[in-house]
Amino acid sequence: MDEQKKESTEQQQEPTPAEIKPAGQFIQLKPFKFIMLMFFTILITAGLTIFALTFGDKKVVEVKVPIEREEFTKLYEAFDLLKNNYYQDIDDEKVVDGAINGMFDALGDPYSDFMVKEEADQFNSGLSSSFQGIGAEIQERNGYITVVSPIKNSPAEKAGLLPKDIILTVDGKSIQGLSATEAVALIRGEKGTPVKLTVKRGENTEPIQMTIVRDDIPVETVYGEMLDGNIAHIQVTTFSEQTAQELEKILTEYEGKGMKGIVLDLRQNPGGYLKAAVDISNFFVPEGKAIVQVQEKDAEPQITNAIAGKKYNLPITVLVDSGSASASEILAGALKESVGAKVVGETSFGKGTVQNVTPLKDGSNLKFTTGKWLTPKGNWINEKGIVPDVKVAYPSYASLPYLNASLEMKAGLQSESVKAAEEMLQVLGYEPGEVDGIFDDNTAQAVEKLQAANNLEETGILTGNTTYALMDALRAKMKADDPQLLKAKELLVGTAEKTEETTN
């Protein structure tokens, strides 16, 4: 049987010529027509498939967003669950922006932030031409919006806002828990419009209510005056794109007037562009000496050295306070360690990190820390600040609370605001009697003297223009009696004379 089967199989595989049947009929097509037929067949099949997937009651295939990175699986799942099951339609853009904000919050870094387009525009304008607002650098710390420093001649400075003040509310809305950029969006606004702030100053004081009228914030960042003995007092208020050029212009002017020394005032300067700080350092740091070191993730510190160019080889002192931050501290550190300049005042803010701003396609910004900066000698001052060589505190009256000009203080009133007013009047020599927070006859007489000195109606009531006159007089006194500036100048006078003798 096996042999028979084998033979039979072999025969089927190799039929004899007699068993071969003629082929049936077939359709004959030209190559071009065949190709076109195949093309239309594929096209129709694809169209029917797409229609079935899109409009069919039961889709054949469930299309999902491809997940290329495993760490995003949870994020996609959460988004899909919200999208499909939340009781209302969700705003996709807001939810995605919120997710990005969450990533930045998780960093626990007050200097890293996600800014939507409106916030990014405000941020960029702060370091460019001009912007409208109150003019105060702020920062989020421990869930609270804290003032780093008001900008010189800004509405914030004129209203009495001080470094370390905590802004609790804006126009009655609590801003606790908001990011700095979110708070800025509420505080800024059109010129001439008021914004009401509730401010906490110190640990045990009552919150202060203040109304500040927004204005154009000046773009000028460098101010100068020539003091006695040909000592130039130059104040840099922030580090913007044009700050180095502004400073060079003033230095050239004062050099022509016989400048013998420089007091570089960086008080209440919140910082800005690192490049501006480096460019300014180059005016004073000898060629080849270190200005700053920047250390990025898993890398050795990269040292930026001074380059050739115009140098001002004059005695110099640097003024800093708790409002001096970031680029201010880079400049102060460079002059202290590479030039030997004496730093005078109070310990600086202590921001030792570097941020990069990356714009996204929709106009939003990612601002995040990319490294830390070190002084020329490798010191990291983050959260420690630069300690001055000569410590000089502000006078006690410099931290007195802001007085609300809309509040009427008159005989019989007792409050903390009355006590602050009495302290101001006493400092200015108007003799308000005992500083006890009670508005009595002595206080009223002191107010009348203040009004007479400022050509105001002598009512003995402290309100409106009288309140503004009182605070303006206090600021003028502080400027005239500025103990930090006087000390910085004193250190220079002897040094400048010795330098001149050596040169001669």
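I will talk about strand 13 and its pairing partners, and then about the residue E337, all in a predicted model.

Let me begin with strand 13, which covers residues 290-296. Five of its seven residues are buried, so this strand is largely enclosed by the rest of the structure. Strand 13 pairs with strand 14, residues 302-305, through four bridges, and the two strands run antiparallel. If you want one position to look at in that pairing, take V294, whose bridge partner in strand 14 is Q302. Strands 13 and 14 form a hairpin, with five residues between them, and within that turn D298 has a positive phi of about 55°.

Strand 13 also pairs with strand 18, which spans residues 365-374, and here too the sense is antiparallel, over four bridges. An example from this second pairing is E296, which has G371 as its bridge partner in strand 18.

Now I turn to helix 10, residues 327-338, and in particular to E337, which lies in that helix. What is the nearest side chain of opposite charge to E337, and how far away is it? That side chain is K377, at 5.7 Å, and E337, although buried, has no salt bridge. The side chain of E337 does, however, reach the backbone nitrogen of K377, at 2.7 Å. So that you can place this residue on the screen, leaving aside residues up to four places away in sequence, E337 touches T375, P376, K377 and N379.

Conventions:
Residues are numbered from 1 along each chain as its sequence is written. This is a predicted model: local features need pLDDT of at least 70, side-chain atom pairs count only at pLDDT 80 or more; totals for chains, interfaces and linings use all residues. Side-chain values use heavy atoms; hydrogens and water are left out. Buried means under 20% relative accessible area, exposed over 50%, partly exposed in between (1.4 Å probe, protein chains only). Two strands pair if DSSP finds at least two bridges between them. Lys and Arg count as positive and Asp and Glu as negative; His and the chain ends are not counted. A salt bridge is a side-chain nitrogen of Lys or Arg within 4 Å of a carboxyl oxygen of Asp or Glu. A polar contact is a pair of N or O atoms within 3.5 Å; within protein, one must be able to donate a hydrogen and the other to accept it, and residues adjacent in sequence count only if both atoms are side-chain atoms. Contact means heavy atoms within 4.5 Å.
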